[in-house]
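Biologist: Please take a close look at one part of this structure and work outward from there. I would like to know where its residues sit, how far they are covered, and what their side chains meet.

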Amino acid sequence: MQSQRNTNLTARIGRWSAQHRKKAIFGWLAFVAVSMVIGFNLVPQKEIDNKTAGGPGESGQAAEVVNDAFRTESGEQVLVQSKSLQADDPQFKAAVADVTERLQNTHGVDNVVGPYEGQNGQVSRDGHSALVTFELPGSSKTAEESVLGTLAAVNAAAAAHPGLRIEEAGDASIKKATLDRDNEEMGKSALFSIPLTLLILVFAFGALVTAGIPVLLALTSVAATMGLLGPMSQIAPVDGQVMHVVLLVGMAVGVDYSLFYLKRAREERAQGRGNDAAIEAAAATSGRAVVISGLTVMVAMAGMYLGGISNFSSFATGTILVVAVAVIGSLTVLPALLSTLGDKVDRGRVPFVGRIKNRVGEAGIWSRVLDRVLRRPLVSALVSAGVLVALAVPALGMETSLGGNEDISRDLPVMQTYDRIQAAFPSEGSMEMVAVKADDVTSPEVVSAIDSLESKAQQRPDLFEGEATLDVSSDQTVVTVALPIAGTGTDELSNRAADTLRDELVPATLGKVDGVEAYTSGEASGTADFNEAMIGNLPYVFAFVLSAAFLLLLVTFRSLVIPIKAIALNLLSVASAYGLLTLAFAGEAIAAWLPLFLFVILFGLSMDYHVFILTRIREAFDRGMTTEDAVAHGIKSTAGVVTSAALVMVAVFSMFAMSSELQMKQMGIGLAAAVLIDATVIRGVLLPSVMKLLGDRNWWLPSRLGWLPQVTIEPEVEPARA
């Protein structure tokens, strides 16, 4: 008998791909190859320089004033140290002279100052350590290139004087070491996450060939996106960390979309459809869910554009690109591959896996859990919601920080050198800087105001420590006043010092001089400005993300209740993830950018499961099942694959949780914890219990909204047998 064909867009795309397999497969490979060739041969023209870029608020204004008045440069230091020799011993002096001469002869180095030169000379109190300081003029990118030469010169000096410790540390050398380490860890994360993902997928499908398809799609999507970021960098700034985010999100959604598509195609074949008919049915159902899910994820990611922080815009571009590429790949190359492979897709079957799958899937653990949840929906809803609220409570005490050198792993040799320098030449602690701009900062009025500022600071020894340091620009229009403050830079004491300086001392002194602009910056005030800017933009981000997700789900499921419930559950999931993150890093500040970033990422990824599960539930309901039966069928039929998809995400995110960089570790743990909560407590307990309690009210749509477009799946017709 002739089957009635599905007519929705995704079905037509899947049908075309299955009929034009070579065009679809080679077209996808050509797209990936061209993207990589173009992208990797383009030098990024615009890259966010976290060192010199003006941030939000007053600290951002201070950075702009300083960057305009002073030459951009990176400060470096060379530590010359001996346990036995003193700094005035001939052998020690010879080593210092050798270091100084080598640096002076190195390209890109300026203002080399030895330890014995004037007031700027630095010899430790015990006389066993000395510093040679120098500068690397130019942008952060230029300094990265120049520091290669200085490191080589310092290493050569160290080899020539084996009896002394000769090491370099500074802005550029620390950045180079962290970038090298990040790239290495990123490679290791990919290397370990791929076999782990394959292992999980083998248990999901029971066959090696089927397990490899989602990994291939995810990897090619990530590779194409990384290539596309090259042309994007010619238009808008790109943050270096965006590659990590692209890998995280790309692997997660690429595998997810393939999983649900493959699972549906397998189900259709098991029901008697031929290969191409099963692919077309999967395209019409799971393919449509992929599009809806992808759009929802991209909408959530677009919320970062409204975050008011330049890094967020870069993250938004990268994540939207990789999700779009993964969606396109799922709709085009995936059906072509399945059509080409045919029965070969099940090759490489692994013994005993089927039994394990049944213990998790429709006849296993989730089935038993769901049966109990649906028997007592009110108790299940109250208990699960109570657990999630309890997990969310610690988030109320979350402290954030922009971070600094203290957050960098001490496994890096350059950070060990940095700590040795700090030990031999102890600083006064954290600093807050006042950037003062005037027609002439050396005028009596400005000098008097600065003296008054220093005097008032010295009268508050509980908040300010040590003497101020002044630096005047060459044109005498800007002076920076660096004041040592109490605390670590991120604690309550430092925050009080920064607030006192900004709200009381500066207005009472420099603020009273006509024609003077004064802006305060530092770790404490910079974090406060960042948080204020982020919190100030949160209403716009939330309004955009939630309203766009609401409209998408409203149109997709033609229900007013479904989108409201989905948003509420996702917000509860995000809040509990915040709480777990706060508990996991108790006593440590959370990266200031992470809460907003986690919200948009987790909200988008949570919608993945929600859309796929609700699609199956709505399908069953439209075929005549009661809401309770449809909920049971939808969740049981997707439980195994949702569990597998969640495990893949947790595995990928956990790779980043093992990073040596604190902020990346926090991101990995936050994402992994949230996905685990979402796939278990939310989807396995809270969602079905709430849907059971609501009954047919789940599908309520006011009559005044009856004009909404109909995007439900076409009714299935018994297919022609293969």
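Modeller: A543 is found in helix α17. The model is a predicted one. The relative accessibility of A543 is 43%. Buried means under 20% and exposed means over 50%, with partly exposed in between, so A543 counts as partly exposed. Along the chain, A543 and I677 are 134 residues apart, and their C-alpha atoms are separated by 24 Å.

Helix α17 covers residues 523-557, and Y540 is found there too. Y540 has a relative accessible area of 54%, which is over 50%, so Y540 is exposed. Together with Y305, L306 and F544, Y540 makes a nonpolar surface patch of about 390 Å². A residue must have over 30% relative accessible area and no salt bridge to be part of such a patch. With its 54%, Y540 passes the first of these conditions.

From here we can turn to residues with more cover. K636 has its place in helix α20, residues 627-657. Its relative accessible area is 18%, under the 20% limit, and therefore K636 is buried. The side chain of K636 makes a polar contact with the side chain of D371, at 3.1 Å.

Next come the salt bridges, in which a side-chain nitrogen of Lys or Arg lies within 4 Å of a carboxyl oxygen of Asp or Glu. The count by this rule comes to 21. One of them is between the side chains of R15 and E280, with 3.0 Å from N to O. R15 lies in helix α1 (residues 9-19) and E280 in helix α9 (residues 275-302), so this pair ties together parts that are 265 residues apart in sequence. R15 has a relative accessibility of 16% and counts as buried. E280, at 10%, counts as buried as well.

Other salt bridges stay inside one helix. In helix α8, residues 242-270, E268 and R264 are four residues apart, which means they are separated by about one helical turn. Their side chains meet in a salt bridge of 2.9 Å, N to O. E268 and R264 are buried.

A similar spacing is found in helix α19, residues 594-622, where D622 and R618 lie four residues apart, about one turn of the helix. D622 forms a salt bridge with R618, and the closest N and O atoms are 3.0 Å apart. The two partners fall under separate labels: D622, at 43% relative accessibility, counts as partly exposed, whereas R618, at 15%, is buried. Elsewhere, salt bridges that share partners join R264, E268, R273, E619 and R623 into one network. E268 and R264, the pair from helix α8, therefore belong to that network.

Helix α14 makes a plain case for checking helix length. This helix runs over residues 413-424 and has 12 residues. The expected span is 1.5 Å times one less than the number of residues, and for α14 this comes to 16 Å. From its first C-alpha to its last, α14 reaches 17 Å, which is close to that value. The buried residues of α14 are V414, M415, T417, Y418, I421 and A424; each of them has under 20% relative accessible area, because that is what buried means.

Note on methods:
Residues are numbered from 1 along each chain as its sequence is written. This is a predicted model: local features need pLDDT of at least 70, side-chain atom pairs count only at pLDDT 80 or more; totals for chains, interfaces and linings use all residues. Side-chain values use heavy atoms; hydrogens and water are left out. Patches are made of residues with over 30% relative accessible area and no salt bridge: like charges are joined within 9 Å, nonpolar side chains (Val, Leu, Ile, Met, Phe, Trp, Tyr) within 5 Å. Accessible areas come from the Shrake-Rupley method with a 1.4 Å probe; for residues, only the protein chains shown count as cover. Helices (H or I, at least four residues) and strands (E, at least two) are DSSP runs, numbered from the N terminus. Buried means under 20% relative accessible area, exposed over 50%, partly exposed in between (1.4 Å probe, protein chains only). A polar contact is a pair of N or O atoms within 3.5 Å; within protein, one must be able to donate a hydrogen and the other to accept it, and residues adjacent in sequence count only if both atoms are side-chain atoms.
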